[in-house]
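User: Please examine one strand of this model closely, together with its pairing partners and its surroundings. Afterwards, set that part against the rest of the chain.

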Amino acid sequence: MPDLATTQALAWAAHAQSHLPHLSLPDLESLISHLTPAQFAHLNANLRYSRRRDFLSDLPPELALHILGFVDEARSVLSAGRVCKRWSKLVNDEASSHTTEYNWMHHSSSTLLRTHRSPDSCVVTSLAMDDTYIVVGLANGRAHVFSVRTGMLVRTLVGHEAGVCAGCDKQVRVWDVKTGLCLYILRGHRSTVRCLKMFHGRPIAVSGGRDHTVRIWDVRRGLLLKTLEGHTDSVRCLDVYGDRVVSGSYDCTVRLWNVTTGACLRVFNGHYHQVYTVAFDGERIVSGGLDTCVRVWDVESGTCLALLQGHTALVCQLQLSVRTNTIISGSADGRQQDPYRIIARLTAHSSSITGLQMDDGPGTRGKKRWLISGGGDGRVLLWDVAGVVDSLNLPVSTSTSQPTIPSPPTSSSKASRPSSPPPEPSSNPLPANPSPTLIRALTAPCEGLWKVAFRGNTTVVCCLRGGRTVLEVWGFGGGAGIEAGL
């Protein structure tokens with residue numbers, strides 16, 4: 001039992017709590033001065049730890065990693081990892097990020113997971129990949145499926161009677177990748193299928209063909225849902241967003257469709273030659289083609305927001321980045337007018353660009369943001385465009401002039417110019433913005449480059465070497481070689 005003095009002190013403390021908010025700071029200091037040394041030490045220790053905050057653990061992991069990214073001194077990073085288990089995990093994640101970045105930048109640190117050589121020079125007509133599989137379509141009607149993790153051939157899909165671009169045999173086939181069985185043969189197109197897109201998270205596919213139609217398919221049930229008619233020439237390219245699809249055609253028009261109703265919502269006129277590529281982010285449509293121009297369209301009004309001029313050959317590569325508000329166009333030298341003005345021109349290749357992809361992940365200011373370009377000159381180049389993207393949220397254009405790259409390892413014809421001259425480009429000079437940095441050549445030069453793509457830390461290169469078609473699967477993450485059994 002507490003003695004009488006202790007009991008009275010506790011009663012006084014309980015009563016004094018209601019008066020503490022009204023106590024002035026001088027009075028509080030006077031009260032503290034009457035504490036014994038032991039009491040003062042105990043109070044000091046409790047105040048010190050009760051007011052501490054683990055700012056990294058309280059933040060979302062992405063923001064915590066962003067803060068750690070500003071610590072360049074390796075010793076400081078390692079010291080931070082010893083603070084607690086939470087900090088240790090964050091430091092390990094940051095170290096893994098640094099390792100991956102180092103592997104991307106240095107050829108000796110990247111891992112060639114697997115090389116596959118065909119017995120002939122069969123052309124690669126299509127390339128697709130997700131987090132699990134890489135699928136390569138060939139002109140001989142076969143499609144090969146590879147593992148992203150190891151690069152090994154999983155199986156070969158046999159059934160198409162002609163080249164697999166979407167279907168030169170007028171068919172779209174639905175496959176079970178795990179078993180290799182063809183689940184459905186989707187018939188309906190009266191000529192070659194030129195393009196194919198899947199809706200994200202939905203069992204709906206869209207195909208466009210030389211029969212001038214766009215067709216909507218239910219791939220889960222193998223049914224044709226709708227046939228969208230309106231184009232007067234071959235449908236060459238597609239892109240999807242939400243419940244809408246955009247199609248570009250050799251009839252020089254771009255059309256916006258509602259997938260649910262099948263209605264044509266809008267026709268975009270402006271190109272005076274065949275449209276080869278489109279990109280769609282739900283609000284804007286970007287299109288390019290044989291007239292060497294890139295046009296940006298407003299979906300709601302149908303107006304042309306910008307005419308991006310300067311390319312001197314067929315525009316066959318486009319990427320519209322929603323995160324960074326940039327446009328990447330590939331084929332030839334580019335120049336753009338306000339309000340979509342050029343912020344960087346990459347001196348990339350001596351021939352037409354056959355592959356172009358920018359890292360469209362969340363990104364972190366100060367971190368690398370990769371751009372991979374592949375050209376008819378047989379080279380695959382890696383660029384860092386983070387400085388450009390961080391400085392301005394404006395479009396980026398890509399050119400095809402020969403670069404000077406550090407220690408380069410040891411062509412296809414350009415598209416013909418349209419008969420009608422393009423409008424005169426703007427004479428505005430290139431603004432003084434940060435320039436993209438050429439990091440290195442990703443692989444040795446080849447005789448011809450068919451396709452190039454990357455996802456996460458895996459890059460796929462489809463090319464021609466020694467008269468044979470070659471598939472290279474490169475890994476840039478830590479431990480990739482171990483996972484591949486190398």
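Analyst: The bridge partner of A143 in β5 is L157. The model under discussion is a predicted one, and the strand chosen for the close look is β4, residues 143-147. A143 also has a counterpart in β3, where G137 stands opposite A143. The pairing on each side of β4 may be taken in turn.

On one hand, β3 (residues 133-138) and β4 run antiparallel and are joined by five bridges. These two strands form a hairpin with four residues between them, and G141 in that turn has a positive phi of about 90°. On the other hand, β4 pairs with β5 (residues 153-157), again in the antiparallel sense, over four bridges. β4 and β5 likewise form a hairpin, here with five residues between them, and the turn contains G151, which has a positive phi of about 80°.

The surroundings of β4 follow from its accessibility. Five of its five residues are buried, so the strand is largely enclosed by the rest of the structure. The side chains divide into two sets: A143, V145 and S147 point one way, while H144 and F146 point the other way, and all of them are buried. This agrees with a general rule: in a regular strand the side chains alternate between the two faces of the sheet.

For the wider setting, the protein chain has nine helices and 30 strands. Of its 486 residues, 46% count as buried. The chain exposes about 24200 Å², and carbon and sulfur atoms supply 53% of that area.

Two open sheets of this chain give further examples of antiparallel pairing. One has four strands in the order β1-β30-β29-β28. Its edges are β1 (111-117) and β28 (448-455), each with a single partner strand, so one side of each is left without a neighbour in the sheet. From one strand to the next, the twist in this sheet averages 15°. β1 and β30 (residues 468-475) run antiparallel and are joined by six bridges, and T115 stands opposite E472 in β30.

The other open sheet also has four strands, in the order β23-β24-β25-β27, with antiparallel pairing. β23 (353-358) and β27 (437-441) are the edge strands, pairing on one side only. Here the twist averages 20° from one strand to the next. Within this sheet, β25 (residues 380-384) and β27 pair in the antiparallel sense over four bridges, and L381 stands opposite A441 in β27.

Two loop residues contrast with the buried residues of β4. G466 lies in the loop between β29 (458-465) and β30. With a relative accessible area of 63%, above the 50% limit, G466 is exposed. Its C-alpha atom is separated by 8.4 Å from that of C446, although the two are 20 residues apart along the chain. V322 is placed in the loop between β20 (317-321) and β21 (326-330). At 53% relative accessibility, V322 also counts as exposed. V322 and R284 are 38 residues apart in sequence, with a C-alpha to C-alpha distance of 9.9 Å.

The cysteines need a cut-off for their assessment. C463 is buried, with a relative accessible area of 0%. The closest cysteine sulfur to that of C463 is in C446, at 4.2 Å, which is too far for a bond because a disulfide requires sulfur atoms within 2.5 Å. By this rule the count of disulfides comes to zero. C252 likewise counts as buried, at 18% relative accessibility.

Finally, the surface carries a nonpolar patch formed by L25, L28, L31, I32, L35, F40 and L43, which together have about 570 Å² of accessible area. The elements that give two or more residues to this patch are α2 (25-33) and α3 (37-50). The largest share, four residues, comes from α2. L43 lies in α3 and counts as partly exposed, at 33% relative accessibility.

To return to the strand of interest, β4 is paired antiparallel with β3 over five bridges and with β5 over four, and its five residues are buried.

Terms used:
Residues are numbered from 1 along each chain as its sequence is written. This is a predicted model: local features need pLDDT of at least 70, side-chain atom pairs count only at pLDDT 80 or more; totals for chains, interfaces and linings use all residues. Side-chain values use heavy atoms; hydrogens and water are left out. Two strands pair if DSSP finds at least two bridges between them. Axes are lines fitted to C-alpha atoms, for helices over the stretch in contact, and angles run from 0 to 180 degrees between N-to-C directions. Buried means under 20% relative accessible area, exposed over 50%, partly exposed in between (1.4 Å probe, protein chains only). Patches are made of residues with over 30% relative accessible area and no salt bridge: like charges are joined within 9 Å, nonpolar side chains (Val, Leu, Ile, Met, Phe, Trp, Tyr) within 5 Å. Accessible areas come from the Shrake-Rupley method with a 1.4 Å probe; for residues, only the protein chains shown count as cover. A salt bridge is a side-chain nitrogen of Lys or Arg within 4 Å of a carboxyl oxygen of Asp or Glu.
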